[in-house]
Amino acid sequence: MMHCIWRLLLRKKSVANLSALALVAAVGCDKDKKTQYGLLNELREYRTLINPIIDEVSAIEREVRDRAVDNLDSALAEELDEVYREVRPELLEVLVELDRIEPLPGLYSLHSDIRRLILLRLDAYAFVIEGVATGNEVLYEAAEQKLRAANELIPHVNERLCDVDIALGDLEDCRLVA
């Protein structure tokens, strides 16, 4: 069909038809264009699917910081407990959504790192919740270690997300995880 449209547009050499021809050529070629991660249209679809997950992970972290962390970057376990109890189910839903997305072969490690970041935060939330419930302060240190590990993943994940945006030619709308 593409070939038929191409021949028809070439016969009618108006400016409008030549513009349409350029558009058809660009769209037709775009879907088959390869990137280091796979086909361009598949990469664009993956990024479109992952964007709401990135946004939600970031929004949950902002909510935790806004509600429970002070200007000195510290928080009371009881305050964190309250917020973590509210946002943990939301973060679990985000994890389920992430697991429904099949990453491109070139993006398995990025997908895995995003998943690991979410799991580390979920574990930290669970340690604080259990620590407050049982009075076991040792769990707070375990929670801090999990959060530290999650935070160490962020720069790497953000770099890979920007690499994907560069491959897509989308330098204006880089969504990063917080």
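This report covers the nonpolar core, the salt bridges and a charged surface patch of a predicted model.

## Nonpolar core

The largest nonpolar core holds 41 residues. Within this core, Val57, Leu91, Leu107, Ile114 and Ile118 touch the most other members. Four helices each supply at least two core residues: helix 3 (40-68), helix 4, helix 5 and helix 6. In soluble globular proteins, nonpolar side chains tend to be buried together.

## Salt bridges between helices

The whole structure contains eleven salt bridges. Two of the pairs described here link distant parts of the chain.

Asp99 and Arg115 form one of these pairs, at 2.7 Å from N to O. Asp99 lies in helix 4, and Arg115 lies in helix 5 (residues 108-134). The two residues are 16 residues apart. Asp99 counts as partly exposed because its relative accessibility is 41%, between the 20% and 50% cut-offs. Arg115 is also partly exposed, with a relative accessible area of 31%.

Lys146 pairs with Asp123 in another salt bridge. Their closest N and O atoms are 3.6 Å apart. Lys146 sits in helix 6 (residues 138-168), and Asp123 sits in helix 5. Here the partners are 23 residues apart. Lys146 is partly exposed at 26% relative accessibility. Asp123 is partly exposed as well, at 32%.

## A shared network

Some salt bridges share partners. They join Glu63, Arg67, Glu82 and Glu86 into one network.

## The Arg100 and Glu97 pair

Arg100 forms a salt bridge with Glu97. The closest N and O atoms of this pair are 2.4 Å apart. How accessible is each partner? Arg100 has a relative accessible area of 60%, so this residue counts as exposed, the cut-off being over 50%. Glu97 has a relative accessible area of 38% and is partly exposed.

## Negative surface patch

Which residues gather in a patch of negative charge on the surface? They are Asp70, Glu78, Glu79 and Glu137. Of these, Glu78 has its place in helix 4 (residues 77-99). Helix 4 also carries Asp99, the salt-bridge partner of Arg115. In addition, helix 4 supplies at least two residues of the largest nonpolar core.

Note on methods
Residues numbered from 1 in each chain as written. Predicted model: local features only at pLDDT ≥ 70, side-chain atom pairs only at ≥ 80, totals over all residues. Heavy atoms only, no water. Patch = residues over 30% accessible without salt bridge, like charges linked within 9 Å, V, L, I, M, F, W, Y side chains within 5 Å. Areas by Shrake-Rupley, 256 points an atom, 1.4 Å probe, with all protein chains shown as cover. Salt bridge = Lys/Arg side-chain N within 4 Å of Asp/Glu carboxyl O. Lys, Arg positive; Asp, Glu negative; His and termini not counted. Charge placed at Lys NZ, Arg CZ, Asp CG, Glu CD. Buried < 20%, exposed > 50% of the residue type's maximum accessible area, 1.4 Å probe, protein only. Core = buried A, V, L, I, M, F, W, Y, C linked by side-chain atoms within 4.5 Å.
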